[in-house]
Amino acid sequence: TKKIIVGVKALDENEFWRVLIEGVNTASREFGVDVSVIGPSQEIEVDLQIQLLEEAVKQKPDAIVLAAGDYNRLVPVSESIRKAGIPLIMIDSAVNGDYAQSLIATDNVNAGQKAGKELSSRLPAHAKVAIISFVRGTSTQIEREQGVRSILESRNGTEIVGTYYSEGKEERAYEIT
């Protein structure tokens, strides 16, 4: 039986991760693969995600699937996974470098541009815009913000007053807004 470890950003913090974990468990049963899902309880617990992945490498699984909680801070553990000869598949969020055999993710720059275009079409002249993002430092956050900014910064008279982070919590985003 193949052994796969799936490292997510958060085990139960939001619906996205719960649905992903349900899908992983369903696929595990369907294909007869031994899958363990690991991760911190909150997306901001990057140090814990790193620690869990370091322990996962010691188990020598047949593969590790990873949603990286930070674009730069997970580089060393991603490098360790590769050096251990364990195939690494990235999902949702990548790390800075070519450590994975594959990345399964949204085109986040394009998604950000689409959001920026929609927002731009609804803004009055000389608008001030605050970007409310989720967890600082993930590739998804960096790329989506890049996409939004590329549209809004090209719009004459629009001022981006800053980016604010909700730490992946919907209620925190409401408070910031």
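In this predicted model, helix α2 (residues 46-58) buries Val46, Gln49, Ile50, Leu53, Ala56 and Val57. These residues cover an arc of only 120° around the axis, and therefore lie on the same side of α2. An α-helix has 3.6 residues a turn, so residues three or four places apart point the same way. The opposite face of α2, turned away from the buried side, carries the exposed residues Asp47 and Lys58. The cover over the buried residues of α2 includes the strands β1, β2 and β3 (63-66) as well as helix α3.

The contact between α2 and α3 can be described further. Helix α3 comprises residues 75-83, and its axis is 10 Å from that of α2, at an angle of about 10°. Because angles under 35 degrees count as roughly parallel, α2 is roughly parallel to α3. On the α2 side the contact involves Ile50, Leu53, Glu54 and Val57, which meet Val77, Ser80 and Ile81 of α3. By class, this contact has five nonpolar residues, one polar residue and one charged residue.

Helix α1 (residues 15-31) also has a buried side. Trp17, Ile21, Val24 and Ser28 are buried in α1; their arc around the axis is only 60°, which places them on the same side of the helix. They pack against β1 (3-7) and β2 (34-38). The face of α1 turned away from this buried side bears Glu15, Glu22, Arg29 and Glu30, which are exposed.

The lengths of α1 and α2 can be checked against a rise of 1.5 Å a residue, as tabulated below.

| Helix | Number of residues | Expected span | Distance between end C-alpha atoms |
|---|---|---|---|
| α1 | 17 residues | 24 Å | 24 Å |
| α2 | 13 residues | 18 Å | 19 Å |

For α1 the end-to-end distance agrees with the expected span, and agreement is likewise found for α2.

Backbone geometry in two loops also deserves comment. Most residues other than glycine have a negative phi, and most peptide bonds are trans. Just after α2, Lys60 adopts a positive phi of about 50°, although Lys60 is not a glycine. Lys60 is located in the loop between α2 and β3, and its relative accessibility of 67% means that it counts as exposed. His126, likewise a residue other than glycine, has a positive phi near 55°. The loop holding His126 runs between α4 (108-122) and β6 (128-133). With 65% relative accessibility, His126 counts as exposed, because the cut-off for that class is over 50%.

Key:
Residues numbered from 1 in each chain as written. Predicted model: local features only at pLDDT ≥ 70, side-chain atom pairs only at ≥ 80, totals over all residues. Heavy atoms only, no water. Axes fitted to C-alpha atoms, helices over the stretch in contact; angles between N-to-C directions. Helix = DSSP H or I, 4+ residues; strand = E, 2+ residues; numbered from the N terminus. Parallel < 35°, antiparallel > 145°, perpendicular 65-115°, else oblique. Contact = heavy atoms within 4.5 Å. Nonpolar A, V, L, I, M, F, W, Y, C, P; charged D, E, K, R; others polar. Expected span 1.5 Å × (residues − 1). Buried < 20%, exposed > 50% of the residue type's maximum accessible area, 1.4 Å probe, protein only. Arc of directions from axis to C-beta.
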